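I opened this entry to keep track of what I looked up, one item at a time. The notes follow the order in which I checked things.

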Amino acid sequence: KRQIPMRSICRMDKTIRQMERIGIKIHFHTPAGMFAWTDVGCDATLLAEKAMEQGYLLAPGSLFSPNQLPSTNMRFNVAAMADPGIMRFLEREIGK
């Protein structure tokens, strides 16, 4: 069984704390997991469209729903958020 390096876990924890400081509510995240289910407090599909314009790919919760209705839920790949630009984008768009 392959283990996740401690360095990666620490980086993911730091990312989760940054997201919380911005105002993103974390619904679910496992300490060694890649993904966090969150509530971004705004239309997640609209946020994902704005992110795409800036070159960032986000996954609104509606993508994972059979009816794909608008939602404030978003799934983040926490392991892939090393680019500081994504945090600046999120802070501009939803920061509190």
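**Leucine 58.** I started with the contacts of leucine 58. Setting aside residues up to four places away in sequence, Leu58 touches Leu47, Ala48, Ala51, Met74, Phe76, Ile86, Phe89 and Leu90. I note here that the model is a predicted one.

**The core.** Next I looked up the largest nonpolar core. It has 22 residues. Which of them touch the most other members? I found Ile24, Val40, Leu47, Leu58, Phe76, Phe89 and Leu90. So Leu58, my starting point, is on that list. I then asked which elements supply at least two residues each. Helix 1 (6-22), helix 2, strand 4 (73-77) and helix 3 do. Helix 3 gives the most, with five residues.

**Overall layout.** I stepped back to the whole chain. I counted three helices and four strands. Along the sequence they run α-β-β-α-β-β-α. The chain has 96 residues, and 38% of them count as buried. I also checked how far apart in sequence the contacting residues lie. Among contacts with a separation of 6 or more, 60% are between residues 24 or more positions apart.

**Helix 2 against helix 3.** Leu58 had led me to residues in both helices, and I wanted their geometry. Helix 2 covers residues 44-53 and helix 3 covers residues 84-94. I read an angle of about 135° between them, with the axes 11 Å apart. Are they oblique or roughly parallel? An angle from 0 to 180 degrees counts as roughly antiparallel only over 145, and this pair is therefore oblique. The crossing of helix 2 past helix 3 is right-handed. I listed the residues that meet. From helix 2 they are Leu47, Lys50 and Ala51. From helix 3 they are Phe89, Leu90, Glu93 and Ile94. By class, I have five nonpolar, two charged and no polar residues in this contact.

**Valine 40.** I picked Val40 next, since it is on the list of core members with the most contacts. Val40 sits in the loop between strand 2 and helix 2. Is it buried or exposed? Its relative accessibility is 1%, so I put it down as buried. Beyond four places in sequence, Val40 is in contact with Ile24, Leu47, Thr72, Met74, Phe76 and Ile94. I also checked the distance to threonine 72. The two are 32 residues apart along the chain, and their C-alpha atoms are separated by 5.6 Å.

**Glycine 41.** I moved on to Gly41, in the loop between strand 2 (35-39) and helix 2. Gly41 has a relative accessibility of 53%, and so it counts as exposed. Val40, in contrast, is buried at 1%. Gly41 and serine 71 lie 30 residues apart in sequence. Their C-alpha atoms are 9.0 Å apart in space.

**Arginine 75.** I then went to strand 4, where Arg75 is found. Its relative accessible area is 24%, so I logged it as partly exposed; the cut-off for buried is under 20%. Which residues does Arg75 touch, leaving out those up to four places away in sequence? I found Phe35, Ala36, Trp37, Ala59 and Phe64. For alanine 36 I also looked up the spacing. It is 39 residues from Arg75 along the chain, with the C-alpha atoms separated by 5.7 Å.

**Serine 62 and glutamine 68.** Last, I checked the loop between strand 3 and strand 4. Ser62 is placed there. Its relative accessibility is 8%, so Ser62 counts as buried. Not counting residues up to four places away, Ser62 touches Thr45, Gln68 and Leu69. Gln68 is in the loop between strand 3 (59-60) and strand 4 as well. What is its phi? I read a positive value of about 50°, although Gln68 is not a glycine. Most residues other than glycine have a negative phi. I marked Gln68 in the margin for its positive phi.

Notes
Residues numbered from 1 in each chain as written. Predicted model: local features only at pLDDT ≥ 70, side-chain atom pairs only at ≥ 80, totals over all residues. Heavy atoms only, no water. Parallel < 35°, antiparallel > 145°, perpendicular 65-115°, else oblique. Left-handed = near helix turned anticlockwise from the far one by under 90°. Contact = heavy atoms within 4.5 Å. Nonpolar A, V, L, I, M, F, W, Y, C, P; charged D, E, K, R; others polar. Core = buried A, V, L, I, M, F, W, Y, C linked by side-chain atoms within 4.5 Å. Buried < 20%, exposed > 50% of the residue type's maximum accessible area, 1.4 Å probe, protein only.
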